[in-house]
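Here is a walk through one protein model, written to be read with the structure open beside you. Have a look at the fold, then read on.

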Amino acid sequence: MFKTIQNALKTPEVRKRLLYTLLLIVIFRLGCYITVPGVDAIKLNEAMGNSNGIMDLVNIISGGAFSRFSVFAMSITPYITASIVIQLLTLAIPALGKLAKEGGEVGRQKMNRYTKILTIVLALIEGIGLYLSYKTQGIFIDSGWLNGIIVVISLVAGTSILMWLGEQITDKGIGNGISMIIFVGIVSSLPNAIISIWNTIMQNGTFNTTGLLIALGIIIGALILVAGVVFVQQAERRIPVQYAKKVVGRKMVGAQNTHIPLKLAMAGVMPIIFASSFMTVPAILIETFIPTINSQTGFWRVIYDFSLATSSSSVGIGYSIANALVYLLLIVGFTFFYTYATFNPAEVSSNIKQNGGFIPGIRAGKPTTEYLSSVIGKLTLFGGIFLAIIAILPMFMRFTGLNVAFGGTSILIVVGVALETVQQLESQLVMRHYKGFLE
């Protein structure tokens with residue numbers, strides 16, 4: 001990896017992309033410290049000190065912007081939610097699905113426009129809800145309607161800026177912009193996690209043997225999680241493909257042997273981000289529009305506790321088990337959805353047949369399609385379940401009394417985004433290498 005970064009810095013075009021990405025990340029981090037107008041800092045600290053697990057999770061993803069009630073307080077979650085809704089609508093609405101699959105570049109731009117519009121709508125709703133929620137806690141110096149409009153506009157503008165930063169990183173920088181913003185937000189909490197582990201070892205300035213064992217357990221567990229994620233992200237099944245001799249122009253091209261690399265987690269880290277966002281959104285919306293939910297009972301309290309089980313052990317083991325099962329199904333479901341959205345067995349089979357190729361022992365045409373579908377289905381199922389288990393296990397560790405600074409979901413996102421970014425960086429270097437060779 002360090003060799004790749006060193007080579008990237010030596011390549012002018014790639015170096016420009018890296019510096020541009022770094023500049024946008026700095027802008028994101030600066031924005032996390034710009035508080036919306038009219039906030040009482042003292043009362044804000046009191047309100048955040050009484051926050052629960054779901055708000056702590058939102059704060060980690062936003063890079064601490066939520067606890068400061070900055071313009072980036074809502075982070076990129078409205079965009080993620082809008083993307084989920086639009087992707088699901090492509091399955092429910094045939095015309096939208098046809099536009100996404102067959103629309104080409106024009107269709108992609110239209111889908112992107114729909115996602116942006118829905119993002120603004122969701123951000124507006126969430127911004128109003130946040131203002132009404134914290135208005136009751138008295139964190140605003142002026143609680144008038146004019147200040148409310150300014151606060152909501154600031155929050156919506158912050159989400160819009162993050163959406164633009166993500167697009168710029170994807171188009172002109174290195175890596176997936178949205179994933180990179182979430183990655184930076186999570187990594188920014190790493191110093192606090194290190195301080196927390198150190199305080200576990202040194203309690204009140206005195207060395208604690210039990211604390212040392214707990215810290216070592218947390219570190220070893222994190223390393224095992226990282227190793228497991230790297231294994232799943234890098235592992236692949238290679239399907240051999242043979243091509244018969246054929247005439248190209250006036251030349252006879254000999255038989256060639258190649259392979260189709262099929263990864264265990266072909267969809268990358270996006271299913272984890274989407275599943276995590278999907279599970280936390282209900283609790284955020286309920287707490288936003290029903291500030292007194294903790295003192296209430298009934299249907300909405302049940303939904304609230306169920307969603308809150310993702311990041312809090314105070315709701316009980318029953319809710320955590322139910323939440324974990326749904327979380328597992330969502331990760332596996334989104335993994336299948338994104339895998340088949342990027343890899344079409346019928347299309348791959350048709351391309352192999354048209355080029356005179358075949359998989360040894362498998363007839364060309366429909367049998368090849370069925371074989372590829374079977375293989376990709378088994379790989380995706382294993383990869384999805386493996387990632388889901390890694391994400392779920394830390395949820396139950398909370399009931400042992402251990403304070404896990406970095407959850408499984410955070411590690412999955414950080415490692416997954418890091419691997420994807422390094423791979424894209426390597427592909428940029430390879431492309432520049434071949435371009436220079438041809439010239």
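How many aromatic pairs does the structure hold? It holds six, and we'll get to some of them below.

## What you're looking at

This is a predicted model, where local features need pLDDT of at least 70, side-chain atom pairs count only at pLDDT 80 or more, and totals for chains, interfaces and linings use all residues. Numbering starts from 1 along each chain as its sequence is written, and side-chain values use heavy atoms, with hydrogens and water left out.

The protein has 17 helices and seven strands; these are DSSP runs numbered from the N terminus, with helices being H or I of at least four residues and strands E of at least two. Of its 439 residues, 44% are buried (buried is under 20% relative accessible area, exposed over 50%, partly exposed in between, with a 1.4 Å probe and protein chains only). Taking contacts (heavy atoms within 4.5 Å) with a separation of 6 or more, 73% are between residues 24 or more positions apart. The exposed area is about 22700 Å², and carbon and sulfur atoms supply 66% of that; areas come from the Shrake-Rupley method with a 1.4 Å probe, and for residues only the protein chains shown count as cover.

## How far to trust it

The mean pLDDT (the predictor's confidence in each residue, from 0 to 100) is 78, with 83% of residues reaching 70 or more. Confidence is highest in helix α8 (residues 145-172), at a mean of 91, and lowest in strand β4 (residues 246-248), at 57. Watch residues 434-439 too: pLDDT there is below 50, and beyond near neighbours in sequence the stretch has one contact in the model.

## Aromatic pairs

A pair of aromatic rings is described by the distance of the centres and the angle of the planes. Here, rings of Phe, Tyr and Trp (its six-membered ring) pair if their centres lie within 6.5 Å; planes under 30 degrees apart are stacked, over 60 edge-to-face, and the rest tilted. Among the six pairs, F69 and F140 have centres 5.8 Å apart and planes at 75 degrees, so this pair is edge-to-face. F69 sits in the loop between α4 (53-61) and α5 (77-92), and F140 in the loop between α7 (104-135) and α8, so the pair ties together parts 71 residues apart in sequence. F69 is buried at 0% relative accessible area, and F140 is buried at 7%. Ring pairs also bring in Y131, making a cluster with F69 and F140.

F336 and Y340 make a stacked pair, 6.3 Å centre to centre with 10 degrees between the planes. They are four residues apart in helix α14 (residues 317-342), or about one helical turn. F336 is partly exposed at 23%, and so is Y340 at 33%.

## Helix α10 and its two sides

Helix α10 (residues 190-201) has twelve residues, which at 1.5 Å a residue should span 16 Å (1.5 Å times one less than the number of residues); its end C-alpha atoms are 17 Å apart, which agrees. Its buried residues are A193, I197 and I201. Seen down the axis, they fall within an arc of 85 degrees (taken from the directions from the helix axis to the C-beta atoms), so they line one face. An α-helix has 3.6 residues a turn, so residues three or four places apart point the same way.

Covering those buried residues are, among others, β1 (202-203), β2 (206-207) and α11 (209-234). The face of α10 turned away from the buried side carries exposed N192 and W198.

## A buried serine

S179 is in helix α9 (residues 177-187). At 1% relative accessibility, S179 counts as buried. Leaving out residues up to four places away in sequence, S179 touches V269, M270, I273 and V417.
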